[in-house]
Amino acid sequence: MERISNRIYSVGVNDTDKILFEGLWPLPYGVSYNSYLVVDEKVALIDTVEGGFEDEFLSNIHEAIGDRPVDYLVVNHMEPDHSSLTAYMMEKYPALKIVANTKTVPMLKGYYNVPEERILVVSEGGEVSLGGCSLKFYMIPMVHWPETMVTWLECENTVFSGDAFGTFGAVPECIMDEEGTLNEYKDEMIRYYSNIVGKYGTPVQTALKKLSGLNVMRICSTHGPVWENEVSEVVALYDKMSRYEVSRGVCIVYGSMYGNTAAAAEALASELEKAGIPYAIHDLAGNNSGELGISGALRDVFKYDTIVAGSPTYNNGIFPPVETFMKALQSRLIKNRRFYAFGSYTWSASAVNQLNAMAANLGFEILGDGLSFAQAYSKDKCDMSQVAKMLI
């Protein structure tokens with residue numbers, strides 16, 4: 001438990017045991033499930049935490065308010081890492097009212113069998129008074145579920161933003177940011193956005209425009225630090241990512257069966273290093289220890305303007321991990337990128353042509369025909385210095 005202000009307490013938990021977020025995304029630094037109490041004449045709890053943390057969560061609440069009842073549970077977002085303890089809280093606090101919007105109601109029933117009489121339905125701009133202050137609600141659908149909303153505490157210029165502005169990574173004992181916190185979490189914030197929210201750039205832009213009318217001085221997200229010292233920088237980063245804006249650089253991704261496409265990828269990385277071109281390289285087949293695979297690759301797609309994809313021809317098509325990556329780009333509506341393809345083949349070269357076709361369908365700028373090479377990798381077959389010059 002941590003006191004953030006006179007009215008606000010952080011009562012969330014860290015999860016350093018979970019290996020994959022949503023069963024997909026690696027968590028090398030853990031993740032936090034943030035929950036907040038707003039304490040006035042009445043007490044409101046903003047979101048809960050993942051199941052399995054009941055004792056720690058309730059202990060945090062008791063440390064903050066003792067035996068006082070929790071009057072309201074605000075459900076900003078129904079994803080179970082934030083709503084799992086809804087039924088548990090209803091049992092612990094029999095008079096508790098669930099504050100939710102109309103799109104949330106059927107989810108509350110479907111997940112936790114919440115009866116309608118326990119739900120207080122709010123709409124855009126609706127308010128709930130806590131006595132000396134009020135909570136106000138704004139809908140931000142598809143950031144990143146259709147029922148998502150944010151809660152605004154005007155008396156403290158604080159927005160409880162749900163998953164928006166969140167990041168992977170557990171938080172230290174002091175959840176508040178300080179100068180340099182964003183730099184520490186930036187890669188994990190970009191990875192979180194690219195993995196979870198990346199498809200929804202347009203809804204994020206709509207939400208940012210809506211929230212721009214509020215004098216936000218503190219952001220309480222459901223994952224990662226509480227942003228107070230670096231609010232403008234965090235908002236600017238989300239604005240940039242949701243516009244699909246990037247810097248010059250190269251994201252190399254590849255899959256390799258027997259090391260030949262991998263050797264070509266490493267040779268290209270070496271040439272970019274010599275040329276001083278920013279780059280990242282990712283083994284999508286997960287053969288390198290510590291690699292984040294597609295999760296890290298998507299992060300760097302949101303950093304750099306050029307994507308280089310390497311794939312051997314596999315069953316006359318694209319090697320499956322690389323094809324999965326290309327489909328992930330498609331599902332995230334990635335735009336305004338340059339693209340180059342390469343890869344090995346044994347008897348029939350088709351992967352590079354198919355990669356170029358997928359990239360063309362995404363509207364990418366295709367840089368040349370790509371490079372297909374037969375059988376084993378060699379410098380004679382693959383002049384990666386020339387490819388690097390094309391990417392500059």
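How many bridges join strand 12 (residues 127–129) to strand 13 (residues 134–139), and do they run parallel or antiparallel? In this predicted model, 3 bridges join the two strands, and the strands run antiparallel.

## The hairpin and its next strand

Let's stay with that pair for a moment. Ser-129 has Ser-134 of strand 13 as its bridge partner. Strands 12 and 13 form a hairpin with 4 residues between them. In the turn sits Gly-131, with a positive phi of about 120°.

Strand 13 also pairs with strand 14 (residues 149–153). Here 5 bridges join the strands, which run antiparallel. If you would like a landmark in this pairing, look for Lys-136, whose bridge partner in strand 14 is Trp-152.

## The open sheet

Now to another sheet. Seven strands make up an open sheet, and following them across gives the order 1-2-7-8-9-10-11, with mixed pairing. Strand 1 (2–3) and strand 11 are at the edges, each with a single partner strand, so one side of each has no neighbour in the sheet.

The antiparallel part of the mix includes strand 2 (residues 8–10) and strand 7 (residues 36–39), joined by 3 bridges. Ile-8 has Val-38 of strand 7 as its bridge partner. Helix 1 (residues 54–65) packs on the sheet, where it touches strand 2, strand 7 and strand 8 (43–46). The direction of helix 1 makes about 25° with that of strand 7.

## Parallel strands and a crossover

Parallel pairing appears with strand 9 (residues 72–74) and strand 10 (residues 97–100), which pair over 3 bridges. Within this pair, Val-74 has Val-99 as its bridge partner in strand 10. Strand 10 also runs parallel to strand 11 (residues 119–121), again through 3 bridges. Ala-100 stands opposite Val-121 of strand 11.

What kind of unit do strand 10, helix 4 (residues 105–112) and strand 11 make? Together they make a β-α-β unit, and it is right-handed.

## Two helix pairs

Helix 5 (residues 181–197) packs against helix 9 at an angle of about 100°, with the axes 8 Å apart. The two helices are therefore roughly perpendicular to each other. On the helix 5 side, the contact is made by Asp-187, Ile-190, Arg-191, Ser-194 and Asn-195. Helix 9 contributes Ser-295, Gly-296, Leu-298 and Arg-299. By class, the residues of this contact divide into 2 nonpolar, 4 polar and 3 charged.

Helix 10 (residues 320–331) and helix 11 (residues 351–361) pack at about 10°, with their axes 10 Å apart. That angle makes helix 10 roughly parallel to helix 11. Val-322, Glu-323, Met-326 and Lys-327 of helix 10 meet Leu-355, Met-358 and Ala-359 of helix 11. This contact has 5 nonpolar, no polar and 2 charged residues.

## A closer look at Ala-285

You can find Ala-285 in the loop between strand 18 (279–283) and helix 9 (294–301). Is Ala-285 buried, partly exposed or exposed? Its relative accessibility is 29%, so Ala-285 counts as partly exposed.

Leaving aside neighbours within four places in sequence, Ala-285 is in contact with Tyr-254, Phe-319 and Pro-321. Gln-330, 45 residues from Ala-285 along the chain, has its C-alpha atom 19 Å from that of Ala-285.

Notes
Residues numbered from 1 in each chain as written. Predicted model: local features only at pLDDT ≥ 70, side-chain atom pairs only at ≥ 80, totals over all residues. Heavy atoms only, no water. Buried < 20%, exposed > 50% of the residue type's maximum accessible area, 1.4 Å probe, protein only. Contact = heavy atoms within 4.5 Å. Axes fitted to C-alpha atoms, helices over the stretch in contact; angles between N-to-C directions. Parallel < 35°, antiparallel > 145°, perpendicular 65-115°, else oblique. Nonpolar A, V, L, I, M, F, W, Y, C, P; charged D, E, K, R; others polar. Pairing = 2+ DSSP bridges. Right-handed = clockwise from strand over helix to strand, strands pointing away.
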